[in-house]
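I am opening a page of notes on this structure, and I want to record what I looked up in the order in which I looked it up.

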Protein chains: 2
Amino acid sequence: MTVTKFSKQRESIKEYLIHTKEHPTADMVYLNIRQKFPNISLGTVYRNLNFLEEQGEIVRLKDGIGSDRFDGNLEPHYHFVCRKCKKFCDLEMNSLEHINTLAAANFHGRIEGHTTLFYGLCEECFEDERKK
Amino acid sequence: MTVTKFSKQRESIKEYLIHTKEHPTADMVYLNIRQKFPNISLGTVYRNLNFLEEQGEIVRLKDGIGSDRFDGNLEPHYHFVCRKCKKFCDLEMNSLEHINTLAAANFHGRIEGHTTLFYGLCEECFEDERKK
DNA sequence: CTTGACAATAGTAATGATTACTATTATAAT
DNA sequence: ATTATAATAGTAATCATTACTATTGTCAAG
């Protein structure tokens, strides 16, 4: 069993993810942390994002388009991506735990969870659409 | 408006996707079609998969791990991926249309749909787990 | 049945996201 | 202070996918 040693880069990444609400990609994390650690390597960012995810300290999200996104908010919640401007944001809604039961009904293994991403038009793009 | 011309490569890809149940990746499609067209290019496979998806003749699926997968089954249905052996398969369950309404409740844009992927242990991996 | 326009292809180069590698630096226990 | 080794910076490599280009295939018109 290997010991985890402290690193200020990792602390900084964790800190950033806990406070931001922008669901950054690895590259966005890199650009942000570079303000404080101009020499940080993109590899270091990726390694730490993977590490923190394994430790359950952050969550990895898929936006279904490009890069993975990361979230320091561990409260289970759902996300939305705009099909037009690609904006990615939280949704205020209750848990959908019950759909696991629906999925398990005719399934012979074990359903442990699900990932769901909602899509459509964000408020701004929806307005733009109406104006036309 | 450009005219779509017939191509036997494209017909073969469509044919394959309609009949298989293995939710193949682009590379799996490539390997399969090569049996019939040994000179087909991987670029041709990708171009046609994108084209057929645009035409709504096939569906693109994300398994959340590696490559995209493709399905010739246009009936809306849900999928499952095993976290251990990575097997990807269909689930027999009803539509979850109602969760769009739940998501839209406190949202100010327009929810048009959702993508959901269930995960857990497939039948085989679940059995293996119990034996230990 | 030719011919000609141009869609589609094969083959290869390029891109973007991510991971792997390696020599150096930082951490923390003794 | 010394030392073992985890973590880093910087760079190379990988993987999935897209872009590019010269050649071939399709098909409508003469």
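Before I could judge the overall form, I needed one definition: the radius of gyration is taken here over C-alpha atoms, and the rule for a globule is 2.2 Å times the number of residues to the power 0.38. I also note at the start that this is a predicted model.

**Entry on chain A as a whole.** I looked up the radius of gyration of chain A and found 18 Å, whereas a compact globule of 132 residues would have a value near 14 Å. I then looked at the extent of the C-alpha trace of chain A, which spans about 50 × 45 × 20 Å along its principal axes. I noted that 20% of the 132 residues of chain A count as buried. Of the contacts in chain A with a separation of 6 or more, 48% are between residues 24 or more positions apart.

**Entry on the elements.** I listed five helices and five strands in chain A, and, reading from the N terminus, I wrote down their order as α-α-α-β-β-β-β-α-β-α.

**Entry on the two protein chains.** How many residues does each chain bring to the contact? I found 34 residues from chain A and 33 residues from chain B. On the side of chain A that touches chain B, the elements that give two or more residues are strand S3 (78–82), helix H4 (98–104), strand S5 (110–121) and helix H5 (123–131). The largest share of this side comes from S5(A), with twelve residues. Sorted by class, the side of chain A that touches chain B holds 19 nonpolar, ten polar and five charged residues. I then followed S5(A) further and saw that S5(A) pairs with strand S5 (residues 110–121) of chain B in the antiparallel sense, over eleven bridges. Within this pairing I noted that Ile111(A) stands opposite Gly120(B) in S5(B).

**Entry on DNA strand D.** Which residues are closest to DNA strand D? Among the 29 residues that surround DNA strand D, I noted Ser7(A), Ser41(A), Thr44(A), Phe6(B) and Gly43(B) as the closest. Helix H1 (8–19) and helix H3 (42–54) of chain A, as well as helix H3 (42–54) of chain B, each supply at least two residues of the surface near DNA strand D. H3(A) gives the most to this surface, with five residues. By class, I recorded eight nonpolar, 15 polar and six charged residues on the surface near DNA strand D.

Methods: Residues numbered from 1 in each chain as written. Chains lettered and ligands numbered in written order. Predicted model: local features only at pLDDT ≥ 70, side-chain atom pairs only at ≥ 80, totals over all residues. Near = placed C-beta within 6 Å. Helix = DSSP H or I, 4+ residues; strand = E, 2+ residues; numbered from the N terminus. Nonpolar A, V, L, I, M, F, W, Y, C, P; charged D, E, K, R; others polar. Contact = placed C-beta atoms within 7 Å. Pairing = 2+ DSSP bridges. Buried ≥ 20, exposed ≤ 12 C-beta atoms within 10 Å, placed from the backbone.
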